[in-house]
Amino acid sequence: MSERYDHRALIGYAHDALAANGLETGYAQIVAETLVEGDLLGHSTHGLALLPRYLQELAAGQMTKAGEPTIVRDQGASAAWDGNYLPGPVLVRRALALCAQRARDAGVATVAIGKSHHVACLAAYLKAVTDKGMAAIIASSSPATASVAPFGAVEGIYSPNPIAAGWPTGGDPVLVDISASITTNSLVSERVEEGRRLPGPWMISPDGTASDDPALLTAKPAGALLPLGGTEYGHKGFALGLIVEMLTAGLSGHGRADAPDQWGASVFVMVVDPAHHGGRAAFERQTGFMATAARGAAVPDGASAVRLPGERALRLRRQQITDGVVLSDALLARLRKALPDRPLNASL
């Protein structure tokens, strides 16, 4: 069971809840827009599902309610910020805007951010950049989280470490948003709350057995999430996770070596302007060719055509902007529990 809600009303609902809990109103708007954008794209674990946790963080003083990041270093085409645990969506959106502006001049621009608060859904940021004819890469790690096991281990030492990328093709952009682990902490927690198993053996138990039991994450002794590729090919996911650690904690200068105990993120943002390389027309000729070739690739009889990363998400986004955003009964129950005095009456 699910209901549909107008996306503008959902943004207002989230904004008002965040602002009522002390978040500066302009920042509340950015966070609300980012959360709802995640739901529009179908990333339900990283949309409004995060709102109750964000409100708890505000109440506990763990998310900074107003202020600015500290500029650690600024070399023009590259910069590093101390995010001072400001909301992740505020910092990432600002970093992308700065990088897009500077990439127009330099071709490539990057910002690395330490001590950001949680950044929500990485895919939610990409379209704003691809609409400008540019490409973006965003990566995030959570230095206080140790839930993913290195390949061959049974103990979590790093976080799911998502990395996202988006680029124009002349038609719909390609939007990639993947984790270096098979699944995310949010999905595991959701399955625990619902009393459901995982779709596959995505966890590793302390005795080295692959398992679909999400409760392993908080068991005593605890298990861990497997890297992307699982018990057979997880060396590839482990390598990807290390790349994300290098880009985020390494370049920002803040990460696990500092032993933080506060929920947050180290973030890497890069924007590339094709006009400074082979040219935008040449770029989209190549990316457009690949998109067309992939969609036209032979598939088994009766199978659907190849779907590019982001294709389903963009189609769903267009549909939900017109017809309303689907919120599950389970999510509605969590929102009502977190905000009993703030009814959600935006059903279409």
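Two strands are taken to pair if DSSP finds at least two bridges between them, and helices (H or I, at least four residues) and strands (E, at least two) are DSSP runs numbered from the N terminus. The model shown is predicted, so that local features need pLDDT of at least 70 and side-chain atom pairs count only at pLDDT 80 or more, while totals for chains, interfaces and linings use all residues. Residues are numbered from 1 along each chain as its sequence is written, and side-chain values use heavy atoms, with hydrogens and water left out.

**View A. An open sheet of seven strands with mixed pairing.** The strand order is 2-3-4-11-5-6-7. Strand 2 (70-74) and strand 7 (174-178) are the edge strands, each pairing on one side only. From one strand to the next the twist averages 10°, where axes are lines fitted to C-alpha atoms, for helices over the stretch in contact, and angles run from 0 to 180 degrees between N-to-C directions.

**View B. The antiparallel pairing of strand 5 with strand 6.** Strands of a sheet pair through backbone hydrogen bonds, either parallel or antiparallel. Strand 5 (residues 135-141) is joined by four bridges to strand 6 (residues 163-167). A139 has I163 of strand 6 opposite.

**View C. The surroundings of L23, in the loop between helix 1 (7-20) and helix 2 (25-40).** L23 has a relative accessible area of 2% and therefore counts as buried (buried means under 20%, exposed over 50% and partly exposed in between, with a 1.4 Å probe and protein chains only). Apart from residues up to four places away in sequence, L23 touches L18, A28, V31, L58, T64, K65 and P87, contact meaning heavy atoms within 4.5 Å. L23 and K65 are 42 residues apart along the chain, yet their C-alpha atoms are separated by 4.4 Å.

**View D. The surroundings of P89 in helix 4 (residues 88-106).** P89 is buried because its relative accessibility is 1%. With neighbours within four places in sequence left aside, P89 is in contact with I30, V31, T34, H118, V119, A120 and Y125. Between P89 and Y27, 62 residues apart in sequence, the C-alpha to C-alpha distance is 8.4 Å.

**View E. A nonpolar surface patch formed by I243, M246 and L251.** Together these residues have about 270 Å² of accessible area, computed by the Shrake-Rupley method with a 1.4 Å probe, only the protein chains shown counting as cover for residues. Patches are made of residues with over 30% relative accessible area and no salt bridge, nonpolar side chains (Val, Leu, Ile, Met, Phe, Trp, Tyr) being joined within 5 Å and like charges within 9 Å; a salt bridge is a side-chain nitrogen of Lys or Arg within 4 Å of a carboxyl oxygen of Asp or Glu. M246 belongs to helix 7 (residues 230-252) and, at 45% relative accessibility, counts as partly exposed.
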